[in-house]
Amino acid sequence: MLEQLKDIIVNYVEVKKEDIRPESRFIEDLGFTSFDFMSMLGEVEDVLDVEIDQAEAANIRTVQEAVDYLSKLA
């Protein structure tokens, strides 16, 4: 799941895949804007065939939190 998420993240921000860590914060560390983050979640939904609750997504700050949340859905 982490590797799949990294593959998607690099489509949205200028960061190398190997620089993305579980503790990386989307906005502060990876440079996401709110729009980038929501766009990325839309792609994650399509790729993983899941539905992300927008209220819960608002609480996701790090890559690991996203992986944990997505693992519960898959």
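Modeller: Helices are DSSP runs of H or I with at least four residues, strands are DSSP runs of E with at least two, and both are numbered from the N terminus. The model is predicted, so to speak only of what it allows: local features need pLDDT of at least 70, side-chain atom pairs count only at pLDDT 80 or more, and totals for chains, interfaces and linings use all residues. Residues are numbered from 1 along each chain as its sequence is written, and side-chain values use heavy atoms, with hydrogens and water left out.

Biologist: Where is D49, and what is its phi?

Modeller: D49 sits in the loop between α2 and α3 (54–57). Most residues other than glycine have a negative phi. D49 is not a glycine, yet its phi is positive, at about 55°.

Biologist: Is D49 buried or exposed?

Modeller: Buried means under 20% relative accessible area, exposed over 50%, and partly exposed in between, using a 1.4 Å probe and protein chains only. The relative accessibility of D49 is 70%, so D49 counts as exposed.

Biologist: Which element gives the most residues to the largest nonpolar core?

Modeller: A nonpolar core is a set of buried Ala, Val, Leu, Ile, Met, Phe, Trp, Tyr and Cys residues joined through side-chain atoms within 4.5 Å. The largest one has 21 residues, and L5, I9, F26 and M40 have the most contacts inside it. Two or more residues come from each of α1 (2–9), α2 (34–48) and α4 (63–73). With five residues, the element that gives the most to this core is α4.

Biologist: Which residues does M40 touch, leaving out those up to four places away in sequence?

Modeller: Contact means heavy atoms within 4.5 Å. With residues up to four places away in sequence not counted, M40 touches L5, I8, I9, Y12, F26 and F32.

Biologist: How are α1 and α2 oriented to each other?

Modeller: Axes are lines fitted to C-alpha atoms, for helices over the stretch in contact, and angles run from 0 to 180 degrees between N-to-C directions. The two axes come within 10 Å and cross at roughly 135°. Angles under 35 degrees count as roughly parallel, over 145 as roughly antiparallel, 65 to 115 as roughly perpendicular and the rest as oblique. The crossing angle therefore makes the orientation of α1 to α2 oblique.

Biologist: How do the residues of the contact of α1 with α2 divide by type?

Modeller: α1 brings Q4, L5, I8 and I9, and α2 brings M40, E43, V44, V47 and L48. Ala, Val, Leu, Ile, Met, Phe, Trp, Tyr, Cys and Pro count as nonpolar, Asp, Glu, Lys and Arg as charged, and the others, Gly among them, as polar. The contact divides into seven nonpolar, one polar and one charged.

Biologist: K6 is a lysine in helix α1. Is K6 buried or exposed?

Modeller: Leaving out residues up to four places away in sequence, K6 touches K17 and I20. The relative accessible area of K6 is 10%, so K6 is buried.

Biologist: What separates the C-alpha atoms of P22 and V67?

Modeller: P22 is in the loop between α1 and α2, and at 28% relative accessibility P22 counts as partly exposed. Beyond four places in sequence, P22 is in contact with L2, T62, V63 and Q64. P22 and V67 are 45 residues apart along the chain, and their C-alpha atoms are separated by 8.4 Å.

Biologist: How far apart in space are E14 and D46?

Modeller: E14 lies in the loop between α1 and α2 and counts as exposed at 84% relative accessibility. E14 and D46 are 32 residues apart in sequence, and C-alpha to C-alpha their separation in space is 22 Å.
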